[in-house]
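I sat down with a fresh notebook page and a chain to browse. Here is what I looked up, in the order I went.

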Amino acid sequence: MSVNNMPAYTISNENQRWATTVIPDVKKVLTVAGSGDQALFYKLAGAKIVDTFDITCNARVVQDMKFVAIKNMNPVEYKELLIKTHRSDGAALEFFLCDMWNLLPDETQKIIQNGKFDMIFGCGLDASFYPENIPTPKEFEKLRKVLNKPFGFIWSDLESLSIKLTKKYDVINLSNIFDYCPDAKMQVKILDELSAHLTKNGRIVYLPQKQKFDYKALVLPMLAYEKTVVYDNQNKMIIFQRTR
């Protein structure tokens, strides 16, 4: 796998309010950036450190856009921004963000400008289809208070991620990336390498939508299958725990 600039999601299709609270008392998290909702809901759940990664640099854009929008808009304006920026190219996005442009990190501005004629956001459906992943007014106000800087971002595919990490985490959230990694040996290699970046009893979580393998017998030097938690017909989480 290699990193790229494919379009990012503007809203998650996983129930983040549920997914980020399955494991309680999490303080240090590494999560796929995705639509930026993973990081936001981990902060709402009480995480102190939230770092992110993604194969597409445009995931950094939506994440940073949500950060500045929450700090500078009201909840109604925030929802409207998510809906109207869906399927935006760089030029349109720069126009939509004109009032907040100078608040975005320099690197994020460059990504948008380099994608002037490319679709920055466009994966999945727009935010009106997933209202459960839009913060409530109360959550919105809490985020305004707890967000003090944009989330750390690592531009990487999952296969290369481990060599780029310098911290240990209570949870590493892979979202549904393993759905697109049909090689069982590669999945085992990734889990083994990432286990070195977990704190004691830390977890790696995978939220499958198209699960290909049974993990119940998985035992690695520092990691083993713990359990599968099911929320509804559309959301479940496979949990691996560091064992030593």
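These entries go from the whole chain to its strands, then to two single residues and the aromatic rings.

**Entry 1: the whole chain**

I began by noting that this is a predicted model. I then counted secondary structure and found nine helices and nine strands in the protein chain. Next I looked up the radius of gyration, which is 17 Å, close to the 18 Å that the globule rule gives for 244 residues, so the chain is as compact as a globular protein of that length. For the extents, I took the C-alpha trace along its principal axes and got a span of about 50 × 35 × 35 Å.

I also wanted to know what share of the chain is buried. Of the 244 residues, 52% are buried. The accessible surface comes to about 11,600 Å², and carbon and sulfur atoms hold 53% of that. Then I turned to contacts with a separation of 6 or more: 74% of them are between residues 24 or more positions apart.

**Entry 2: strand β2 and its partners**

I picked strand β2 (residues 28-32) to start with the sheet pairing. Four of its five residues are buried, so β2 is largely enclosed by the rest of the structure. Which strands pair with β2, and in what sense? One partner is strand β3 (residues 49-54), running parallel to β2 and joined to it by five bridges. Here I found K28 opposite I49 in β3. The other partner I noted is β6, also parallel to β2, with three bridges between them. On that side V29 stands opposite V171, and T31 stands opposite N173.

I followed the chain from β2 to β3 as well. Together with helix α2 (residues 37-44), these two strands make a right-handed β-α-β unit.

**Entry 3: a closer look at T31**

I stayed in β2 for one residue, T31. Is T31 buried or exposed? Its relative accessible area is 0%, and under 20% counts as buried, so T31 is buried. I then listed what T31 touches, leaving aside its neighbours within four places in sequence: Q38, A39, Y42, V50, D51, T52, F53 and N173. I was pleased to meet N173 again, since I had already written it down as the residue opposite T31 in β6.

**Entry 4: on to β6 and β7**

I moved across to β6 and checked its cover. Five of its five residues are buried. Besides its pairing with β2, β6 pairs with β7 in the parallel sense over four bridges. V171, which I had met opposite V29, also stands opposite R203 in β7. There is a β-α-β unit here too: β6, α9 and β7 make one, and it is right-handed.

**Entry 5: E193 in α9**

I chose E193 as a residue to check in helix α9. With a relative accessible area of 27%, E193 is partly exposed. Not counting residues up to four places away in sequence, E193 touches E159 and S162. I also took a distance to P7, which is 186 residues away along the chain: the two C-alpha atoms are separated by 28 Å.

**Entry 6: the aromatic rings**

Last, I searched the whole structure for aromatic pairs and found seven. I wrote up two of them. In the F178 and Y206 pair, the ring centres are 5.4 Å apart and the planes stand at 70°, so the pair is edge-to-face. Where do these two residues sit? F178 is in the loop between β6 (169-173) and α9 (184-195), while Y206 belongs to strand β7 (residues 198-206), so the pair ties together parts that are 28 residues apart in sequence. Both F178 and Y206 are buried.

The other pair is Y225 with F240, again edge-to-face, at 6.5 Å centre to centre and 80° between the planes. Y225 lies in strand β8 (residues 223-230) and F240 in strand β9 (residues 236-242), 15 residues apart, and the pair links these distant parts of the chain. Y225 and F240 are both buried.

I then asked which residues the ring pairs join up. F178, Y206, Y215, Y225 and F240 are linked by ring pairs into a cluster. I closed the notebook there.

How values were computed
Residues numbered from 1 in each chain as written. Predicted model: local features only at pLDDT ≥ 70, side-chain atom pairs only at ≥ 80, totals over all residues. Heavy atoms only, no water. Phe/Tyr/Trp six-rings, centres within 6.5 Å; stacked < 30°, edge-to-face > 60°. Buried < 20%, exposed > 50% of the residue type's maximum accessible area, 1.4 Å probe, protein only. Pairing = 2+ DSSP bridges. Right-handed = clockwise from strand over helix to strand, strands pointing away. Rg over C-alpha atoms; globule rule 2.2 N^0.38 Å. Contact = heavy atoms within 4.5 Å. Areas by Shrake-Rupley, 256 points an atom, 1.4 Å probe, with all protein chains shown as cover.
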